[in-house]
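Good morning, and thank you for coming. I should like to take you through a few features of one structure, beginning with the way its helices pack.

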Amino acid sequence: MTSALPYALIATDLDGTLLRAGDTVSARSCAALATARAAGARHIVVTGRPVPQILHVLDDLGYTGLAVCGQGAQVYDAARGQLLHSVSMDRGLAEVALGKIEAEIGEVYTAVNQEGLDAEMLIGPGYRMWHPHLPTVRVPRRGDLWSAPITKVLLQHPRLDDDELTRVARSVVGDLVNVTMAGEHTVELQPPGIDKASGLARAAEALGVQAASTIAFGDMPNDVPMFGWAGYGVAMANSHRELVAVADEVTLSNEADGIAVVLERLYG
């Protein structure tokens, strides 16, 4: 990295990357982002969470830019409180994909993120929510998950770990839907062609920023497409090995202000 930097766009994942425990952002990270913005850079959140699950984080950050949410399915304008772009997942396709996966490995536990700014996360039988501070609605039957348009399906398996569940699901339905691991106990099915790279590319185009001028921070395999699109990818010390393998740099963990360490070097 040279003095020709910094980058024009700073793309940050949230969970395991910018956020510490309890959905908090450290004072040091906030200060580093403020310094980068003062130098002319833009900060964009790129997260697997749907819009309703990040509004409290955006409020805490005083965030007024665009945010890529729902694993790339949504582009949200925080200043206006509007969805600029949203892609729904065909619910019939989701059921077909689940049926094929269960034919291979038995019952999976499922949840869905609904589409829209006032959408809910519906939790089916057996599914365990690992972020208890986020609002969810538990439903008694899987069929109830399809009551309204959705952006993605979340999977868990009673025996297989995340890596194996992702591998099996991808081998069975990877030609029908996008399969990604977004975090611990979080394997997801999305519409074909939707990932963090597609959402970030759409938002960056609206901002007039090129991929080569973007630095991206992440920690999980769902960040791999974003690293492939951005000019430079920084993995957190706590990252999944798949992301580390494609990263340009590894910084400290989210709890140790890894993003701030890099931004202070570039913009300090």
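Helix 4, residues 91-105, packs against helix 5, residues 162-173, at an angle of about 120°, and their axes are 9 Å apart. Please bear in mind throughout that this is a predicted model. At that angle, helix 4 and helix 5 are oblique to each other, and the crossing of helix 4 past helix 5 is right-handed. Helix 4 contributes Ala97, Lys100, Ile101, Glu104 and Ile105 to the contact, while helix 5 contributes Leu165, Val168, Ala169, Val172 and Val173. Sorted by class, the residues of this contact comprise eight nonpolar, no polar and two charged.

The second pair is helix 2, residues 27-38, with helix 9, residues 258-267. How do their axes cross, and within what distance do they come? The crossing is at roughly 30°, and the axes come within 9 Å. Helix 2 and helix 9 are therefore roughly parallel to each other, since angles under 35 degrees count as such. Helix 2 passes helix 9 in a left-handed crossing. On the helix 2 side, the residues that meet the partner are Arg28, Ser29, Ala32, Leu33, Thr35 and Ala36; on the helix 9 side, they are Ala260, Val261, Leu263, Glu264 and Tyr267. The contact of helix 2 with helix 9 has seven nonpolar residues, two polar and two charged.

I turn now to the cysteines. How many disulfides does a search of the whole structure find? The search finds zero. Why is Cys30 not bonded to Cys69? The closest cysteine sulfur to that of Cys30 belongs to Cys69 and is 18 Å away, which is too far for a bond, because a disulfide requires the two sulfur atoms to be within 2.5 Å. As for their surroundings, Cys30 is partly exposed, with a relative accessible area of 30%, whereas Cys69 is buried, with a relative accessible area of 0%.

Cys69 also appears among the contacts of Gln74, and that residue is my final topic. Gln74 lies in strand 4, residues 74-77. Is Gln74 buried or exposed? Gln74 is buried, with a relative accessible area of 0%. Leaving aside residues up to four places away in sequence, Gln74 touches Pro50, Val51, Ala67, Val68, Cys69, Leu83, His85, Ser86, Gly116 and Thr151. One of these, His85, is 11 residues from Gln74 along the chain, and the C-alpha atoms of the two are separated by 5.4 Å.

Thank you for your attention.

Terms used. Residues numbered from 1 in each chain as written. Predicted model: local features only at pLDDT ≥ 70, side-chain atom pairs only at ≥ 80, totals over all residues. Heavy atoms only, no water. Buried < 20%, exposed > 50% of the residue type's maximum accessible area, 1.4 Å probe, protein only. Axes fitted to C-alpha atoms, helices over the stretch in contact; angles between N-to-C directions. Helix = DSSP H or I, 4+ residues; strand = E, 2+ residues; numbered from the N terminus. Parallel < 35°, antiparallel > 145°, perpendicular 65-115°, else oblique. Left-handed = near helix turned anticlockwise from the far one by under 90°. Contact = heavy atoms within 4.5 Å. Nonpolar A, V, L, I, M, F, W, Y, C, P; charged D, E, K, R; others polar.
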